[in-house]
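Please look over the sequence and the structure shown below before reading on. The report that follows takes up strands, the core, charged pairs and turns, one after another.

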Amino acid sequence: PDGDALTITAASVTNGQGSVSIVDGQLVYDPGDSYNHLSDGFSTIKVRVSGDHLDGAPEMRIIVDGNIVETISVTANRAAGEWQEIVVTGNFGPDGPQQVQVAFTNDHYLAGVGDRNLIVDYIDVNGTVYQAESPDTSYLRHSDTIAGQETMAWAGALQFDTSNNAG
């Protein structure tokens, strides 16, 4: 019936799943180190972008270690001085992401009218900033690779070596 007292006299958990004790009549669970592995490899990637809009916004993908993790329509407009920060989090291994690509997927140009471009200022991986125009950044275009640059005027991907991130 309602109002009856409950007394806990013993409690246990499976070996390797932390510990449990009774303190002042209350169960206290301590996971200890049992679940630390769940945070291994958790990383945050921030990408600062803008765009030149022509017949729609620039579309981009964030690719981490060869896997597409996000597809975004860039709403920030460079002509208006706007920037947009895109944040992606995930478990990318205990050393964090080793390579991040920002791919521009819908290039568009109309002679005498305008151009759709993606502008990438930088990416930040676990607090380490990688500039688009850094000598360590590559711009992979159709059939060639050029030095990294902020303005992506052609479809392709900026490739960042992020192996020294604080993963």
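## A hairpin to begin with

How many residues lie between β11 and β12 in the hairpin that they form? There are three residues between these two strands. The model is a predicted one, in which local features need pLDDT of at least 70 and side-chain atom pairs count only at pLDDT 80 or more, while totals for chains, interfaces and linings use all residues. Residues are numbered from 1 along each chain as its sequence is written, and side-chain values use heavy atoms, with hydrogens and water left out.

Strands, like helices, are DSSP runs numbered from the N terminus (E and at least two residues for a strand, H or I and at least four for a helix), and two strands are said to pair if DSSP finds at least two bridges between them. By this rule β11 and β12 pair in the antiparallel sense over three bridges, and Leu140 has Thr145 in β12 as its bridge partner. On β14, with which β11 pairs antiparallel over five bridges, the residue opposite Leu140 is Ala157.

In a regular strand the side chains alternate between the two faces of the sheet. Strand β11, residues 137–141, shows this alternation: Thr137, Tyr139 and Arg141 point to one face and are buried, whereas Ser138 and Leu140 point to the other face and are not. Here buried means under 20% relative accessible area, exposed means over 50%, and partly exposed lies in between (1.4 Å probe, protein chains only).

## The six-stranded sheet

The strands just described belong to an open sheet of six strands, which has the order β5-β4-β7-β14-β11-β12 and antiparallel pairing. Its edge strands are β5 (67–73) and β12 (145–147), each of which pairs on one side only. Neighbouring strands of the sheet are turned against each other by 25 degrees on average, direction ignored; for such angles, axes are lines fitted to C-alpha atoms, for helices over the stretch in contact, and values run from 0 to 180 degrees between N-to-C directions.

Strands of a sheet pair through backbone hydrogen bonds, either parallel or antiparallel. Within this sheet, β4 and β7 run antiparallel and are joined by five bridges, and one pair of bridge partners is Val64 with Val100 in β7.

## The nonpolar core

In soluble globular proteins, nonpolar side chains tend to be buried together. A nonpolar core is a set of buried Ala, Val, Leu, Ile, Met, Phe, Trp, Tyr and Cys residues joined through side-chain atoms within 4.5 Å. The largest one in this model has 24 residues, and those with the most contacts inside it are Val47, Met60, Ile62, Leu118 and Val120. At least two residues of this core come from each of β3 (42–52), β4 (59–64), β6 (84–91), β7 (99–104), β9 (114–125) and β14 (156–161), and β9 gives the most, with four residues.

Leaving aside residues up to four places away in sequence, Val120 touches several others, including Val47, Val49, Val102, Leu158 and Phe160, where a contact means heavy atoms within 4.5 Å.

## Three salt bridges

The structure holds three salt bridges, each being a side-chain nitrogen of Lys or Arg within 4 Å of a carboxyl oxygen of Asp or Glu. In one of them Arg48 is joined to Asp121, with the closest N and O atoms 2.5 Å apart. Because Arg48 lies in strand β3 and Asp121 in strand β9, this pair ties together parts that are 73 residues apart in sequence. Arg48 counts as partly exposed, at 26% relative accessibility, while Asp121, at 12%, counts as buried.

Another salt bridge links Arg78 with Asp52, and here the closest N and O atoms are 2.6 Å apart. Arg78 lies in the loop between β5 and β6 and Asp52 in strand β3, so the pair ties together parts that are 26 residues apart in sequence. Arg141 and Asp144 also form a salt bridge, at 2.7 Å between the closest N and O atoms; Arg141 is buried, with a relative accessible area of 19%, and Asp144 is partly exposed, with 32%.

## Turns and positive phi

Strands β1 (residues 19–23) and β2 (residues 26–30) pair in the antiparallel sense over five bridges. They form a hairpin with two residues between them, and Asp24 in the turn has a positive phi of about 50 degrees.

Asp55, in the loop between β3 and β4, has a phi near 50 degrees, a positive value in a residue other than glycine, and counts as exposed at 59% relative accessibility. Asp65, in the loop between β4 and β5, has a positive phi near 50 degrees, and at 34% relative accessibility Asp65 counts as partly exposed.
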